[in-house]
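Have the sequence and the 3D view open while you read. We'll walk through the cores, one chain, a pair of helices and the place where two chains meet.

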Amino acid sequence: MEKISVQQLNFFYGAKQALSDISLDIEDRKITALIGPSGCGKSTFLRCLNRMNDTIPGTRVTGQILLDGENIYAPDTDVIGLRSRVGMVFQRPNPFPQSIFDNVAFGPRVLHTHRENGLAPVVEASLQQVGLWDEVKDILRQDALRLSLGQQQRLCIARAIAVKPEVILMDEPCSALDPIATLEVEELMRILRANFCIVIVTHNMQQAARVSDRTGFFWLGKLVETDATETMFTRPSNKLTEDYITGRAG
Amino acid sequence: MSQRTHWSEFFISAVIRVIGFSTIGFVGLIFFFLLQQGAPVLGEVPLNNFFGAQWYPTYNLYGILPLLLGSMMVTLAAIVLALPLGVATAVFVREIAPGWAREILKPLIEVLAGIPSVVLGFFGMTLLAPFVRETLHVPTGLTAFTGALLLAYMALPTIVSVAEDALDAVPKSYRDAALAMGATQWQTIWRVVVPAARSGILTAIMLGMGRAIGETMAVLMVTGNAARMPTTLNSLFLPARTMTATIAAEMGEVAQGSTHYHVLFAIGILLFVLTFFINLAAAPAIFEKRRRGGLR
């Protein structure tokens, strides 16, 4: 069952075309990995899915992206509502310079989903889900920037899921982390998979192979191939994909 | 050859060092001069007179309290007026205005800081004072409030400029994180960007305050210069006199070496100490901003 259906998507930075004719179905309760060399457009594509590219002046989109059958680029789309349904985790952990509690409570506060005195259970549940609760339950009022980078990234994931999104976009979420923290985040992704539709951009092919169910391969702004991860990494149907995966191209 | 390079290096660095230290030295000398000229007050004026409520130098009454409170009242009122305006302007310039408008506004605001205060005082006397008199129905337009309005205007460029820099130093990743959560632009600014820049904004307030308390010409021209104790809230809309205006107005007519002369210097010392502490209060915020800036 597809959650997101991308149809003939083109994306432009000014006159420069960054994505050409991308069509892709993204399934719910699965992890979809997007791989490809730097600058191939995979991060740009990811930021199209929650319209974060809207914040960059001079960008333009054609084609459509359907979320549960509704085009998110339709003129009457509520972008705020869209972003509360499609959460995002960034490349570098970016907790706010506020307390751990306030970080997780940020979403429920701005979206007014909970009253101020009903926030504590939401914060606890979100931190439990990312496995951070036991580490931080006694220091919830401490500045989030004092956590380790790995903890910060899990905190950012907790912050994203506190508003109960349907989709979580992850833009190279482990590239700033050490191997152990990376494994922790990957383990977390497998757990979250039961409840969310996850799309992850990664330059690390082993990571794509380890965590994802489906993989899409981007090359120079085009989606070259997409398939079940196992098939993709063992019997890619496209020569370019094979060269990239085996390290002969890119 | 290498010997010559060595000597010119040595010479240049020595010159630079002397210039650098002499700047510090001059500040020290100024303070020393102030102390030397103001210190005799201790022997000439009893403390209960000096910290009294009456400033009548011709009757040997040197109570600086009305001047001190006058300065504080005018400065605080100015900051209360300038703070919301300044922060709002900084937020507009940095967060809301489109790029081309920011390019125009930023230098324009910095130009405002360069308007000579006597020109602003002139403007205050001829336009602002009558306006205050008529709209507030007070006997004279030359009031503490008029001075505060003018000082607020003068502190604005400093506050806007420093606060804008502070907002600019907030990493884009914070804004991205907030927007990606479904926060509106306003929520992003109010709940994430402004709190993240609060130390810089505090610095802006302190620097604005330092500018306001030290300002002389404009307040001299518009506050009415009556050395009365501000005892009620109403005093804001009556004439007042600040420490700076007192020094400027009386220094030219006082006999050198007289008690009155020494008292004016003592007021100068007090001003120096006040501004020193205001800047000191801003210092940790400045250092913290640098540290945060480095982490980006």
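Which residues touch the most other members of the largest nonpolar core? They are I198(A), A78(B), L151(B), A155(B) and A163(B), out of 140 residues in that core. Keep in mind that this is a predicted model.

**The nonpolar cores**

- When you look for what feeds the largest core, go to helix α7 of chain B, residues 144-168, which gives the most to it with 17 residues.
- There's also a second, separate core of 15 residues, and V41(B), Y62(B), I64(B) and A227(B) are among them.
- A155(B) is a good residue to click on: leaving out residues up to four places away in sequence, A155(B) touches A78(B), I79(B), A82(B), G208(B), R211(B) and A212(B).

**Chain B as a whole**

- Chain B has 296 residues, and 41% of them are buried.
- Count up the secondary structure of chain B and you get 13 helices and two strands.
- Along its principal axes, the C-alpha trace of chain B spans about 70 × 70 × 30 Å.
- Take the contacts in chain B with a separation of 6 or more: 76% of these are between residues 24 or more positions apart.

**Helices α8 and α9 of chain B**

- Helix α8 (residues 172-180) and helix α9 (residues 185-196) of chain B pack with their axes 10 Å apart, at an angle of about 150°.
- Because angles over 145 degrees count as roughly antiparallel, α8(B) is roughly antiparallel to α9(B).
- The crossing of α8(B) past α9(B) is right-handed.
- On the α8(B) side, the contact is made by Y174(B), R175(B), A178(B) and L179(B), while α9(B) brings Q187(B), T188(B), V192(B), V193(B) and A196(B).
- Sort the residues of this α8(B) and α9(B) contact by type and you find six nonpolar, two polar and one charged.

**Where chain B meets chain A**

- Here 15 residues of chain B are in contact with 19 residues of chain A.
- You'll meet α8 and α9 of chain B again, since each supplies at least two residues of the side of chain B that touches chain A.
- Which helix gives the most to that side of chain B? It's α8(B), with six residues.
- The residues on the side of chain B that touches chain A split into nine nonpolar, four polar and two charged.

Terms used
Residues numbered from 1 in each chain as written. Chains lettered and ligands numbered in written order. Predicted model: local features only at pLDDT ≥ 70, side-chain atom pairs only at ≥ 80, totals over all residues. Core = buried A, V, L, I, M, F, W, Y, C linked by C-beta atoms within 7 Å. Buried ≥ 20, exposed ≤ 12 C-beta atoms within 10 Å, placed from the backbone. Helix = DSSP H or I, 4+ residues; strand = E, 2+ residues; numbered from the N terminus. Contact = placed C-beta atoms within 7 Å. Axes fitted to C-alpha atoms, helices over the stretch in contact; angles between N-to-C directions. Parallel < 35°, antiparallel > 145°, perpendicular 65-115°, else oblique. Left-handed = near helix turned anticlockwise from the far one by under 90°. Nonpolar A, V, L, I, M, F, W, Y, C, P; charged D, E, K, R; others polar.
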